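Me: I would like to learn how to read a protein structure, one feature at a time. Could you take me through this one slowly?

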Amino acid sequence: MNVSSTKKQRKYLIAIGSPSCTEMRLPRLDRVETDIQRVENLLIDDKQGYERVLADQIYIGATSNKIKDALTSWFTSSERRNSDCVIIYYAGHGGENKEQNSHYLYTVESTESNFSNTTIKTSDLVQCLFPGNNNSPENILLILDVCYAGEGAKNALVSSFNEFRNATENKCFYVIASADSKTEAGDGDFVDALEKVMKHSEWMSTFNGEFLNPGDLVIRINKCLEVKVSQKAEWSCFGNSKEITFFRNPHFLSQNNLEIDEHNLKKDLTKTKSTHQTVADLLWLLDYSEQEQVFKKVMQDGKERAFLVQTNVEKIQNWLVRRLAGCVPDFEQAKKFTIRISYSIRSDFNNFWQAFKQKREDNLKQETLIQDLAKLCQTKSVIIAIYGLSSLDQAKVKEFYDFWSNLVTEVQSATPRSFRSRLVLLLAEKNSSTVLDKLDVFKFIQPPEINETQYSISLTPLDRISQDDVKNWLAQDNVYSLLEQTENEIQSIVDNDIPTWKEEPLDVLEEICYTFFQLEKGIAAIEPYWNLAG
């Protein structure tokens, strides 16, 4: 069996935000970070099926060189395919340099004195997206949410002409500009309109196709914009494509959807879980079992513990965090919090405490938060997952540790307390030799040195899933019995396909989803089942 033949089009979102440009005397754009989050929420759901990439490399407020280097590296990677569909959303300041007659994107370090080296010439951005190698993505949509974006779109399209000279007939480059060449873009106005159009999708039911034309989307966006502002979005394209697949029409029903197989219908009615939920559950049986056993034992011996969970990719971090959290007593009723260390938290740590807010009260303070969480912990478990704590400076890490220590003390003194109650902190981090140093204040202990008085445990990082791990997983009765392939087909995959797989955890899980369970979206189809909270 050829693994690649089971894979469908992969869809990627690259979201870039540059809210500050102080040297150019431009005001801070307060809504850039939330706009990026909203665009991500619109596109990574089951309807659209996108996966966000490069969020770590191109963080909020990244420099111009960091942005260009990360884009170039990603688009030139051998992992790209012609069939990949990519949307790049850029939010920030933009403007036209009349002396050079070009549109530019300003970044955090942009200065007039060193203009060409501290900005991104919008036309040059295209060279990062179309490197010219044979396997580069052939369908790309660039959304410019900056001032005078229409001018930037024109520059980008002119630049794409040279890139497309030797293009295949299916190659196409679309650009959506949030404002025309003479208009400043309002902070957040374009995404307000986009979100309204995408969430109130009844208008899409008038289209018969599976995918929407970006032009139709822009028409609806402008109807929303004209009610509020004078800004008007534009769209344009260069190249040819047999099918434009950027935005899926959620109201489309294919012939396959309409043809109901009676046997499968009866079988589905007997299921207690969806196929995606079942696959998500089965993958918890794959590797990491040793660490899981350590976690369970610690949960039996103590009620308040912090755990360091390490693996390189955020998707796999989600998998491990949810897998471990599911071992906490009364998990379904537990109060769960997920916090990702963002640019806003790094720049102002007071925003960290607001991430715990359950109501709309202002300025949630540490003392109040500790009391509230301790009260919750009297009757149920409280599970806190934090992603990327080590990205904070040492003073902020220490401030969080003091909060955690005070919370542990408060919970231990609270009475009465349910015997099922647990207080669990899961710190999800990338594999790195420096993480333990950056989080040294926790004084993490590694197995088998754990005893009942130690509150911080570093679980062995997950850096690979071997071929033998996959084979042993497949051999388990509860996995093997649910595979759709015949015994000969499974044996062929084991003998011929699995030996070619990379052993990176994300690659292994993707291959399993495509090959054994024929999930068209791969791991993206089951990732929602690994969310701890929200």
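Me: How many helices and strands are there in the protein chain?

Reply: The protein chain holds 21 helices and 15 strands, and please keep in mind from the start that this is a predicted model. Of the 534 residues in the chain, 50% are buried, and among the contacts with a separation of 6 or more, 77% are between residues 24 or more positions apart.

Me: How do I read a single helix, and how many residues does helix H1 have?

Reply: The general idea is that an α-helix has 3.6 residues a turn, so residues three or four places apart point the same way. Helix H1, which covers residues 32-43, has twelve residues, and the distance from its first C-alpha to its last is 17 Å, close to the 16 Å expected at 1.5 Å a residue.

Me: Which residues of H1 are buried, and what covers them?

Reply: The buried residues of H1 are Val-32, Asp-35, Ile-36, Arg-38, Val-39, Glu-40, Leu-42 and Leu-43. Their cover includes the strands E1 (11-18), E2 (51-52), E3 (85-97), E6 (139-145) and E10 (247-248), together with helix H6 (189-199).

Me: What do the buried residues of H10 pack against?

Reply: In helix H10, residues 275-282, the buried residues are Val-279, Ala-280, Asp-281 and Leu-282. These buried residues of H10 pack against two helices, H18 (467-475) and H19 (477-480).

Me: How do I describe two helices that pack together, and at what angle do the axes of H12 and H21 cross?

Reply: Two packed helices are described by the angle between their axes and the distance between the axes. Here the axes of helix H12 (residues 314-325) and helix H21 (residues 505-515) come within 9 Å and cross at roughly 80°. Since angles of 65 to 115 degrees count as roughly perpendicular, H12 and H21 are therefore roughly perpendicular to each other. On the H12 side the contact is made by Lys-315, Ile-316 and Trp-319, and on the H21 side by Pro-505, Leu-506 and Leu-509. Sorted by class, this contact of H12 with H21 has five nonpolar residues, no polar ones and one charged residue.

Me: Where does Glu-527 lie, and is Glu-527 buried or exposed?

Reply: Glu-527 lies in the segment after H21, and Glu-527 is buried because its relative accessible area is 18%, where the cut-off for buried is under 20%. Leaving aside residues up to four places away in sequence, Glu-527 touches Lys-315 and Asn-318. Lys-315 has already been met as one of the H12 residues in the contact with H21.

Me: What can I learn from a residue in the segment before E1, such as Arg-10?

Reply: A careful reader can look at burial, then at neighbours, then at polar contacts. Arg-10 lies in the segment before E1, and Arg-10 counts as buried because its relative accessibility is 13%. When residues up to four places away in sequence are not counted, Arg-10 touches Glu-79, Arg-80, Arg-81, Ser-83, Asp-84, Cys-85 and Tyr-514. With one of these, Asp-84, there is a polar contact between the two side chains, at 3.0 Å. Arg-10 and Gly-522 are 512 residues apart in sequence, while their C-alpha atoms are 8.7 Å apart in space.

Me: Which residues does Gly-94 touch?

Reply: Gly-94, which lies in strand E3, touches His-103, Tyr-104, Leu-105, Tyr-106, Val-146, Cys-147 and Tyr-148, not counting residues up to four places away in sequence. Gly-94 and Tyr-104 are ten residues apart along the chain, and their C-alpha atoms are separated by 5.6 Å. Gly-94 is also buried, because its relative accessible area is 8%.

Me: What is the phi of Tyr-148, and what is the phi of Lys-443?

Reply: Tyr-148 is not a glycine, yet it has a positive phi of about 55°; Tyr-148 is found in the loop between E6 and helix H5 (149-163), and its relative accessible area of 25% makes it partly exposed. Lys-443 is not a glycine either, and has a positive phi of about 55°. Lys-443 lies in the loop between helix H17 (435-438) and strand E15 (456-458), and is exposed, with a relative accessible area of 61%.

Me: Which peptide bond is cis, with omega near -10°?

Reply: That is the bond from Thr-415 to Pro-416, and Pro-416 is placed in the loop between helix H16 (394-413) and strand E14 (423-429).

Notes
Residues are numbered from 1 along each chain as its sequence is written. This is a predicted model: local features need pLDDT of at least 70, side-chain atom pairs count only at pLDDT 80 or more; totals for chains, interfaces and linings use all residues. Side-chain values use heavy atoms; hydrogens and water are left out. Axes are lines fitted to C-alpha atoms, for helices over the stretch in contact, and angles run from 0 to 180 degrees between N-to-C directions. Helices (H or I, at least four residues) and strands (E, at least two) are DSSP runs, numbered from the N terminus. Angles under 35 degrees count as roughly parallel, over 145 as roughly antiparallel, 65 to 115 as roughly perpendicular and the rest as oblique. Contact means heavy atoms within 4.5 Å. Ala, Val, Leu, Ile, Met, Phe, Trp, Tyr, Cys and Pro count as nonpolar, Asp, Glu, Lys and Arg as charged, and the others, Gly among them, as polar. The expected span of a helix is 1.5 Å times one less than its number of residues. Buried means under 20% relative accessible area, exposed over 50%, partly exposed in between (1.4 Å probe, protein chains only). A polar contact is a pair of N or O atoms within 3.5 Å; within protein, one must be able to donate a hydrogen and the other to accept it, and residues adjacent in sequence count only if both atoms are side-chain atoms.
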